[in-house]
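Visitor: Please take a close look at one part of this protein, the side-chain contacts that tie its strands and loops together. What holds to what, and what is left on the surface?

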Amino acid sequence: MKNVVMAATMAALALSTGACTTSMQQSSAQQLNATNANSRIYIGSLTCNVGGSTGYILGSAKPLDCVFLGKDGVSTAQYTGTIDKVGIDIGYTKAVHTIWRVYSLGSDRGPTQIGGTYVGEQGTVAAGSQAGGNWIYGGPNAEIGMLASGVVKDAGYNLATGIAAMTIRLKQ
């Protein structure tokens, strides 16, 4: 029951945060941290280089190389992983740069404590430029939610909507 309530809370958070976004252009990690400095649940930003791929109608898999920047603007950690999509995924995308807003509804997490598996919704459309958004939920004790939205120029040609599963782990 606790996980259902947590998932519903994260979904509401993602939808309300996405609706309040005034610009579709991605902010920098530092800008996101400054904007969310007074938030009690925002813990930092995860900046990822996402590999390009070809969608095979029902899904795709992309490698991730990420850096987490804590809300304090000083603490960092490097992560590697994958993001897998299941659903409609037709076309191809080039490698892109994505910034996730990271929220914790549990204990206060440090930069090395967000590794794990996350699941949620994703949707993007690319016709040269790409617009879309993702929200995912999971991580340690299923207490972390992440939200990414924005526009990326020169991203490819693709239509994707469905379920996303992201797994990240600390780089050794």
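Guide: What follows goes from a buried charge to the ring pairs, the salt bridges and a surface patch.

This is a predicted model: local features need pLDDT of at least 70, side-chain atom pairs count only at pLDDT 80 or more, and totals for chains, interfaces and linings use all residues. Residues are numbered from 1 along each chain as its sequence is written, and side-chain values use heavy atoms, with hydrogens and water left out.

Start with Arg101. It sits in strand E4, residues 96-104. Strands (E, at least two residues) are DSSP runs, numbered from the N terminus. Arg101 is buried but has no salt bridge. Buried means under 20% relative accessible area, exposed means over 50%, and partly exposed is in between (1.4 Å probe, protein chains only). A salt bridge needs a side-chain nitrogen of Lys or Arg within 4 Å of a carboxyl oxygen of Asp or Glu. Lys and Arg count as positive, Asp and Glu as negative; His and the chain ends are not counted. The nearest side chain of opposite charge to Arg101 is Glu121, 15 Å away. Arg101 does have a polar partner: its side chain and that of Ser149 make a polar contact of 3.5 Å. Such a contact is a pair of N or O atoms within 3.5 Å; within protein, one must be able to donate a hydrogen and the other to accept it, and residues adjacent in sequence count only if both atoms are side-chain atoms.

Now the rings. The whole structure holds two aromatic pairs. Tyr42 and Tyr103 form an edge-to-face pair, 5.7 Å centre to centre, with 70 degrees between the planes. Tyr42 lies in strand E1 (residues 42-50) and Tyr103 in strand E4, so this pair ties together parts 61 residues apart in sequence. Tyr42 is buried, at 1% relative accessible area. Tyr103 is buried too, at 5%. Tyr92 and Tyr157 make a tilted pair, with ring centres 6.2 Å apart and planes at 55 degrees. It links distant parts of the chain: Tyr92 is in strand E3 (residues 76-93), Tyr157 in strand E6 (residues 144-170), 65 residues apart. Tyr92 is partly exposed at 36%, and Tyr157 is partly exposed at 48%. The cut-offs: rings of Phe, Tyr and Trp (its six-membered ring) pair if their centres lie within 6.5 Å; planes under 30 degrees apart count as stacked, over 60 as edge-to-face and the rest as tilted.

Next, the charges. A search of the whole structure finds two salt bridges. Asp65 and Lys171 meet at 2.5 Å, N to O. Asp65 is in strand E2 and Lys171 in the segment after E6, 106 residues apart. Asp65 is partly exposed at 33%; Lys171 is partly exposed at 36%. Arg109 bridges to Glu143, with the closest N and O atoms 2.8 Å apart. Arg109 lies in the loop between E4 and strand E5 (116-138) and Glu143 in the loop between E5 and E6, so the pair ties together parts 34 residues apart in sequence. Arg109 and Glu143 are both buried.

Last, the surface. Ile57, Leu58, Ile88, Ile90, Val125 and Leu159 make a nonpolar patch of about 580 Å². Strands E2 (53-70) and E3 each supply at least two of its residues. Leu58 is in strand E2 and counts as exposed, at 63% relative accessibility. Patches are made of residues with over 30% relative accessible area and no salt bridge; like charges are joined within 9 Å, nonpolar side chains (Val, Leu, Ile, Met, Phe, Trp, Tyr) within 5 Å. Accessible areas come from the Shrake-Rupley method with a 1.4 Å probe; for residues, only the protein chains shown count as cover.

Note on methods. Helix = DSSP H or I, 4+ residues; strand = E, 2+ residues; numbered from the N terminus.
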